[in-house]
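Q: Could we go through this model together? I would like to start with the strand pairing and then turn to the overall form.

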Amino acid sequence: MPRVTPDGFRIEAAGGGLTIGPGRIYVDGLLAENHGGTPDAWDVRLANLAGTTPLDYAAQPYYPDPQPLPAGGPHLVYVDVWQRDVTAIEDPQALLEPALGVDTTGRRQTVWQVRVLADVGAIDCSTPDDEIPNWLRTIAPSAGRLSTDTGVPDFEPDPCQLPPAAGYRGLENQLYRVEVHTGGPVGTATFKWSRDNATVASRVSHIDAAGTRITVESVGRDDVLAFHDGDWIEITDDWREFAGLPGELRRIRPAGGVDRNARTLAFDDALPGADFPTDAQQATDPARNTRVRRWDQAGPIRDEDGTEIGNVDTGGTGEIGIPPAGTRLFLEHGILVEFDLASAGGEFHSGDYWVFAARSATADIERLALAPPLGVHHHYARLAIVDFPDDETDCRRLWPPEAQGAGCACTVCVDADAHNAGSATIQHAIDAIKDIGGTICLGVGSFRLDRPLTIQGARSLTLRGQGRASVLEARQGAAIVIDGGSGVALERFSAVGIVAEATAIAVIDVADVTDLRIARVDVVGGPPGNAVVTAIGLSGVLLRAEITECGLAADRGVALQADKAHNWLLSAELRIARNIVLGLRNGVDLGGNCLHYGNTRISDNLILAGDGAAVVATGATLPATAVAIADNTIHCRGDGIHCGIDRATISGNRIAGLVGNGADAIVLTDGLLPEGEGKVDICDNALGPMQGNAIRIARALDFATVRDNRIEAIGLAALAMEKNAAANALQVRANHCRQLGQALANSEAAYAALQLVRVERGEVCGNHIVEVARSAVATPAIAALRGVALGKLMIDGNTFDDVGPDRSSGETAAIRLPTPFDQVQVDDNRIERIRAATQTLSLAIWRAIDIGPEPRRFVAGLAPVALVAAGELAFVLTETLAIGLPARRAAASLRGNQLRALLSDVELVRSAGTDHCLFADNHCEAEGEAGRDPRIADLASRTVTASGNRMIAAGDRRTLVLRPGQKLAIVTANTSTGGIDVQGGSPLPNDILFSNLIGS
């Protein structure tokens, strides 16, 4: 019984009657609600209209005709709760939409009845069940069990049926329902069955005076799902259902029993008029929801041997007696059912039912083996013991239970008034138990602190308040200083630090603690001017530290507090999770001299940060350590995450700029050990909107993955490597990037959406990159993907769409790979630049793929990384480095790409300055008349291979020009609308024309 409704189902005896209190009760997990008696009023606890007076026993909503109350006593009053299936047939007013006249689904309704078990003797509320007379019989569940199988009904050969060996012999899929009609033991209990889950049903609107003809709302949907002459039907209503009684079974007259025009069903045996009352017009009572349902038992009943043991249609009541265990009965089409009891002396209950499917495709049925019934399942709870006329004992159990006595949860209790008066302070309590351990409980109120509470060398000490009602007011800024100790916990209070001077201070300052727990503590720090206030400051050695479910508001939420003896932090198993952090500078700042060991996890926090990075982790990790920054929601004016540690995972975060601001979402920068392993995994993050870059790499990495991120509405790049960035191995996979370069509307700097720098082994695979620099009209150069100073790079299976603005005088390329590099593979990518048939493009220089030396005017603008090449010498220039590159014989492979764009003043594909170029199996299409020859590709390399390409352009001008430096070219199996030239414009040799198809 929930304490929020303490009067729920409270039983009161008065004058020989019973009332039931309004409210709720949970019985075996089922919620029953008593909405009480009139008048109704709005209940803020239940958030609905509810009665304000107890309900009379005789006025129960689901017990319309309750059993009369006995006299005397004692009697046990209990509640019976169960769930019933309700459709528009049972409750049309609630479930039938008047505008449509149909209902598309059924509902499950929880109903309840308060009943009385009479004459239980001298019992109390705790008497065991088996010592209460007739109680076990009352609450006993059904013992009925059912098994199903198939057999060979040799007594009904039919050439239209499937052969006997097939099992189920029916030609239609069916859902059979077997239901107990009359409950009781074997020999008394009976059953009925339906092949359509008893769904052929209708409401009964009238019953004639003789009780042999009923008028229904519908005789059926079609010839199959309808009532027919000779069918067995069951007439029932809510009163019979709530009383646990089956309906009346009647057989529709075999000849003329169904009148479809009048919507009537006629039968010979009259209904008992007292059970189905009607008015003067023979209309049924709408409140009783009288209804009729079809069942499909008919004709002879045979056992497994084919022996007829009865006939439903000849002199029977329509019920089939349940035989003893071991006797299997045929229903139809070879289906066998067998009943059993789970325990000796058990009984079947009226309404027990089972369903099983029969499928014609498999010629089999769903097998049940001693299956208990699917329903109806009743649940019971004792409410009271009554002695009429006026005495009752409440047996309900309220939850949660009330605390009794002083208890042992608190070792010392501190009252706010006593603390503020100085007679019994929190510090007195700490000093008294810090060496022996215990719990200090704070009362409700504000506790003034003229100096911080000091917890030094404590063992197993807990400081616990009453939630936000317990407030520590620190007049000097610092509220609690914890120095040394083990097993220290702060729980359920608020701390407010009021800083009086410009200094660096922590409201809660922790150093050198083993097993620290800070949970559900709210910390607020208020700085004057340029003071730096940290909500929770950490330093020294922390082993197993946990900060969870706190609310922190200060310049920094959780941070290294490095302005004292310990200007460093060594943490092992540090967890910062499920906090709400408002950091005017940083949310979590673990930069500087922070060392992590074991597992460090910053997860599931909501962080609103100011100009600094929301999360900073730029310390260092010791061997066998992992750092996870995961599943945080970050809104920031500055950067989102700064990471400068090894073996870090940044996953599942949602990072967006705060009120249209935000710089870079994720920044990989140098940490405490810039020469560390540099292993980072960035995955499954949702980044944007942000004004800067989604991911910015400004450090050297050994191995990094950027995968499965959703990057959207970014001011600059999706991924930008700059400064001293480099990677031995880099994977960029399955990222979804759109609306990139939005801050370039008036920029005159060149731009790349993905910029890779000094990557020795790289993979850019399966990414979706669309809407790149769409408003960058003044930008001199644009690239969706740019790679500088590469070793081996694979660009595979990506989509590049809408790269560059519609009107541009600068140079635009979907993929730009300046030489020198070692080897690049551009395979199976789709590059599209035609967005709609009505689009007007004005492009001077637009290429799908551009490989070769960068133009001078392009290099100068692409800050902050430029590539300068002259002969055999090449240099990468960044803001901090000038790096010489080794001479490499570049090899480029372009295979299986789909390229489609409008013609500009240049070819669609350019490759120059490589040692070898492979151009194979590409499908290239250039639309429009603009541009010069060649329209598709210009390939200049020491050796060139072009094979299997499909090149389409308007007219018959050249589509492909090959410029092999040593006159080494292989041209074969290409299909082209225009000419293919080799060696500086020379026509294709005649002997090669045989292996290429030229012309539209």
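A: Certainly. One term is needed beforehand: two strands pair if DSSP finds at least two bridges between them. The model is predicted. With that term in place, the bridge partner of L76 in β27 is I385.

Q: Which strand pairs with β27 there, and over how many bridges?

A: Strand β8 (residues 75–86) pairs with strand β27 (residues 379–387) in the antiparallel sense, over 7 bridges.

Q: And what does β27 do with β28, parallel or antiparallel?

A: The two run antiparallel, with 4 bridges joining β27 to strand β28 (residues 391–394). Within that pairing, V386 has E392 in β28 as its bridge partner. The connection between β27 and β28 is a hairpin through 3 residues.

Q: What holds paired strands together in general?

A: Strands of a sheet pair through backbone hydrogen bonds, either parallel or antiparallel.

Q: Moving on, how does β53 pair with β50?

A: Strand β50 (residues 679–683) and strand β53 (residues 700–707) run parallel and are joined by 5 bridges. D681 has T705 in β53 as its bridge partner.

Q: What about β53 and β56?

A: Those run parallel as well, with 7 bridges between β53 and strand β56 (residues 726–733). There, A700 stands opposite A726 in β56.

Q: In what order do the strands of the open sheet with β1 come?

A: The order is β1-β2-β7, an open sheet of 3 strands with antiparallel pairing. Its edge strands are β1 (11–14) and β7 (55–56), each pairing on one side only. β1 and strand β2 (residues 17–20) share 4 bridges, and A14 stands opposite G17 in β2.

Q: Changing topic: how many helices and strands does the chain have?

A: The chain has 7 helices and 81 strands. Its radius of gyration is 41 Å, well over the 30 Å that the globule rule gives for 1000 residues, so the chain is more spread out than a compact globule.

Q: What box do the C-alpha atoms fill?

A: Along the principal axes, the box is roughly 110 × 100 × 50 Å.

Q: What share of the residues is buried, and what of the contacts?

A: Buried residues make up 51% of the 1000 residues. Of the contacts with a separation of 6 or more, 72% are between residues 24 or more positions apart.

Q: Finally, what about the exposed area and the charges?

A: The chain exposes about 41800 Å², with carbon and sulfur atoms supplying 51% of that area. The chain has 88 positive and 126 negative charges, and their mean positions are 8 Å apart.

Notes:
Residues numbered from 1 in each chain as written. Predicted model: local features only at pLDDT ≥ 70, side-chain atom pairs only at ≥ 80, totals over all residues. Heavy atoms only, no water. Rg over C-alpha atoms; globule rule 2.2 N^0.38 Å. Buried < 20%, exposed > 50% of the residue type's maximum accessible area, 1.4 Å probe, protein only. Contact = heavy atoms within 4.5 Å. Areas by Shrake-Rupley, 256 points an atom, 1.4 Å probe, with all protein chains shown as cover. Lys, Arg positive; Asp, Glu negative; His and termini not counted. Charge placed at Lys NZ, Arg CZ, Asp CG, Glu CD.
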